[in-house]
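Biologist: Could you take a close look at one part for me, the charged pairs among the strands? Once that's clear, I'd like to hear about the nonpolar side of things too.

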Amino acid sequence: MKTNIFFAVIIFSLVFSKFSFAQGCMDGGSDEGVNVIGFIQPSYDNYFYDEDALGNTENKPNSFYFKRARLGVAGSIPYDISYYVMAEFSPLAHEGSAFLLDAFVTYAPFKKYLKFSIGQFKSPTGLELNTPCHALHTIRRSTAVNQLAGPFRDMGIMFLGSTDSLFGKKDLISYRLAILNGTGLNTWDNNKYKDIAARLIISPWEWIKIGGSFRTGIQGTIETEGQVQNKRTRYGADVEFEYKNFLLQAEYIVGEDIVAVGSDDPSGGGGCGSKSTSAGDDESGSKTYNRDGFFVQAMYMTPWNLQPVVKFETYNPDGLNYNYLYHPQKFGQNTWTWGINYFLNDWTRLQINYLYNAEETGNDEFPNDAIMFQIQAKF
């Protein structure tokens with residue numbers, strides 16, 4: 001009952017939020033011919049670990065690397081058909097091997113009002129996930145998004161569109177509805193169930209947008225003595241205020257996982273999650289896990305192309321392990337990010353972030369802050 005009420009409140013409040021309709025990580029380019037698109041993000045991270053959450057002292061990352069190195073093509077075919085293909089070449093991303101990131105075909109018989117995309121693309125879950133990677137305001141996405149919005153990419157079909165001049169407002173309503181495998185990036189044929197994911201945005205004025213997201217699905221495998229099924233459900237709400245050079249964004253995500261005893265990661269990608277309680281156990285041997293988190297960030301673009309950014313985020317894992325900056329931990333955490341973005345031009349950007357972490361362990365904090373540097377060039 002509480003779940004239904006919460007979802008109803010989100011749908012009722014979806015009267016505003018920013019939404020990028022590029023299902024991939026970049027825009028598709030011009031209307032004619034083939035366009036080569038991509039970007040690279042050479043980075044440097046230094047993590048101030050004396051020891052990690054489990055008392056280990058060996059892993060103290062201090063390295064230059066590529067966070068992302070992406071190259072793809074996009075274009076249009078007469079009539080009302082477009083395509084988009086993007087590959088990831090960063091050695092860090094997938095054990096040193098290049099892999100397919102996005103690949104989909106879009107048919108737009110009703111222009112912007114209704115489009116159909118089929119292939120592999122981002123899940124329409126949340127504001128920060130659907131912000132293109134080259135347009136993120138901080139170097140890393142928030143922990144709640146990393147842990148709860150996954151799988152970030154999936155294979156399926158999506159219906160999407162927006163209004164043009166409803167009640168005199170451009171893009172008053174934007175929407176996406178996707179049917180997905182639910183198994184994540186480049187994975188197919190191992191889940192007979194399908195996920196349903198949706199996002200709705202209403203923007204009554206140019207300076208304010210509010211959005212809501214929903215995703216649910218069953219991840220199941222057939223075993224010799226029966227059927228093991230895990231159910232994953234996500235709800236999200238976000239808001240954005242933009243006035244002249246000032247931008248304020250906030251997003252909240254809550255996740256519920258009903259997990260069969262003895263099954264694997266309840267998150268289905270994007271991190272592990274939550275502890276169960278006796279009230280969450282049922283006679284079938286499943287457990288209910290609950291996690292949630294949010295972020296709030298503000299930034300201002302100065303006349304000198306410098307954009308200071310401040311971000312606060314919190315994540316409640318409900319007691320199970322998740323990876324934060326490549327270290328396992330299982331407690332709630334608050335993180336402050338202070339950053340500077342410097343735009344050399346429309347294609348090149350420098351970013352510096354300092355992350356201050358405060359753990360909810362009941363004990364003294366341990367050193368796990370970080371400083372990050374990144375330069376980005378897109379083409």
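Modeller: Sure, let's start with D238, which forms a salt bridge with R199, the closest N and O atoms being 2.8 Å apart. D238 sits in strand β10 and R199 in strand β8, so to speak two distant parts of the chain, 39 residues apart, linked by this pair. Both D238 and R199 are buried. Keep in mind that this is a predicted model.

Strand β8 also carries D195, and that residue has a salt bridge with R232, where the closest N and O atoms are 2.8 Å apart. R232 belongs to strand β10 (residues 226-243), so this bridge ties together parts that are 37 residues apart in sequence. R232 is buried, and D195 is too. For D195 the relative accessible area comes out at 0%, and because buried here means under 20%, that residue qualifies.

D195 has another partner as well: R215 forms a salt bridge with D195, with 3.0 Å between the closest N and O atoms. This pair again links distant parts of the chain, with R215 in strand β9 (residues 208-223) and D195 in strand β8 (residues 195-205), 20 residues apart. R215 has a relative accessible area of 2%, so this residue counts as buried against the cut-off of under 20%.

Put these together and you get a network of salt bridges that links D154, D195, R215 and R232. As for the background, side chains of opposite charge can pair when their charged atoms come close. Over the whole structure there are 13 salt bridges.

Now for the nonpolar side. The largest nonpolar core has 17 residues, and those with the most contacts inside it are Y47, Y49, V145, Y315, Y324, L325 and M372. Three elements give two or more residues to this core: α2 (143-148), β14 (322-324) and β18 (370-378). Of these, α2 gives the most, with 3 residues.

V145 is a good residue to zoom in on. Setting aside its neighbours within four places in sequence, V145 is in contact with E128, L129, G150, F152, E251, I253 and F295. If you colour the model by core, there is also a second, separate one of 16 residues, which includes F39, M86, L101 and F121.

Definitions and conventions. Residues numbered from 1 in each chain as written. Predicted model: local features only at pLDDT ≥ 70, side-chain atom pairs only at ≥ 80, totals over all residues. Heavy atoms only, no water. Salt bridge = Lys/Arg side-chain N within 4 Å of Asp/Glu carboxyl O. Helix = DSSP H or I, 4+ residues; strand = E, 2+ residues; numbered from the N terminus. Buried < 20%, exposed > 50% of the residue type's maximum accessible area, 1.4 Å probe, protein only. Core = buried A, V, L, I, M, F, W, Y, C linked by side-chain atoms within 4.5 Å. Contact = heavy atoms within 4.5 Å.
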